[in-house]
Amino acid sequence: MESHSTSSTASRTAATGRGLGIALWAAQIALAIVFALAGGMKVATPAAELAKMAPGFPLALLRFIGIAELAGAIGIILPALTRIAPVLTPLASSGFVIVMASAAVLHLVRGEFGELVVVIVLGALASFVAWGRFKRASIVGRERDSSTRLHLEEGRQS
């Protein structure tokens, strides 16, 4: 009887882990799309139009933010997907949390309360990905070759 409950518990744990992984990937993809579009717009829009869209902001700052958003969109997907330096995924997500916190302060100061809903949702998604990839469902990186793997295993046994 115990083995049945143990296997049932194990399967529930695996299903929960799988569900968390799916939710994290969905959030990562959503964040990547949103930030790639926002960053691409800031980078590709002609200076005169961009100045009209964001009055009072230096063009260089807007372009920098756009490039950072594009880099974050790549960083939240590519390292996790390729398993090359996967720690960059939660770091990119943490960067988005900082960007969204800054955006929330800016919108509050400017009295743009309607913008806060989107900022809060994106910040919450980014927080979820950072938490999930740092604490609950981190992605294991690829090892370069068998000699690296052997070296790592020897280090763990010491």
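Is Glu-69 buried or exposed? In this predicted model, Glu-69 is buried, because its relative accessible area is 7%, a value under the 20% that sets the limit for burial. The surroundings of this residue are described below, after an outline of the fold.

The protein chain contains seven helices and zero strands. Followed along the sequence, the pattern is therefore α-α-α-α-α-α-α. The chain has 158 residues, of which 28% count as buried.

Helix H3 covers residues 59-75. With 17 residues at 1.5 Å a residue, helix H3 should span 24 Å, and the C-alpha atoms at its ends are 24 Å apart, so the expected and computed values agree. The buried residues of helix H3 are Leu-62, Gly-66, Glu-69, Gly-72, Ala-73 and Gly-75. As a general point, an α-helix has 3.6 residues a turn, so residues three or four places apart point the same way.

Two salt bridges are found in a search of the whole structure. One of them joins Lys-42 to Glu-69, with 3.0 Å between the closest N and O atoms. This pair links distant parts of the chain, since Lys-42 belongs to helix H1 (residues 2-44) and Glu-69 to helix H3, 27 residues apart. Lys-42 counts as buried because its relative accessibility is 15%, and Glu-69 is also buried, at 7%. In general, side chains of opposite charge can pair when their charged atoms come close.

The other salt bridge is formed by Glu-112 and Arg-110, whose closest N and O atoms are 3.6 Å apart. Glu-112 has a relative accessible area of 26% and is therefore partly exposed. Arg-110 is partly exposed as well, with a relative accessible area of 37%. Both values fall between the limits of 20% and 50% that bound this class.

Glu-112 takes part in a further interaction. The side chain of His-107 makes a polar contact with the side chain of Glu-112, at 2.6 Å. His-107 is located in helix H5, which comprises residues 88-109. The relative accessibility of His-107 is 14%, so this residue counts as buried, whereas Glu-112 is partly exposed.

Helix H5 also contributes to an aromatic contact. Two aromatic pairs are found in the whole structure. One of these consists of Phe-35 and Phe-96, which are stacked, with 3.8 Å from centre to centre and 5 degrees between the planes. The pair counts as stacked because planes under 30 degrees apart are assigned to that class. Phe-35 lies in helix H1 and Phe-96 in helix H5, so the pair ties together parts that are 61 residues apart in sequence. Phe-35 counts as buried because its relative accessibility is 2%. Phe-96 is likewise buried, at 3% relative accessibility.

Helix H1 thus takes part in both of the long-range links described here, through Lys-42 to helix H3 and through Phe-35 to helix H5.

On the surface, Val-87, Leu-88, Leu-91 and Phe-134 make a nonpolar patch of about 360 Å². One member of the patch, Leu-88, is found in helix H5. Leu-88 counts as partly exposed because its relative accessibility is 42%. This value is over the 30% needed for a residue to join a patch. Helix H5 therefore includes both the partly exposed Leu-88 and the buried Phe-96.

Terms used:
Residues numbered from 1 in each chain as written. Predicted model: local features only at pLDDT ≥ 70, side-chain atom pairs only at ≥ 80, totals over all residues. Heavy atoms only, no water. Patch = residues over 30% accessible without salt bridge, like charges linked within 9 Å, V, L, I, M, F, W, Y side chains within 5 Å. Areas by Shrake-Rupley, 256 points an atom, 1.4 Å probe, with all protein chains shown as cover. Salt bridge = Lys/Arg side-chain N within 4 Å of Asp/Glu carboxyl O. Helix = DSSP H or I, 4+ residues; strand = E, 2+ residues; numbered from the N terminus. Buried < 20%, exposed > 50% of the residue type's maximum accessible area, 1.4 Å probe, protein only. Expected span 1.5 Å × (residues − 1). Phe/Tyr/Trp six-rings, centres within 6.5 Å; stacked < 30°, edge-to-face > 60°. Polar contact = N/O pair within 3.5 Å; in protein donor to acceptor, adjacent residues only side chain to side chain.
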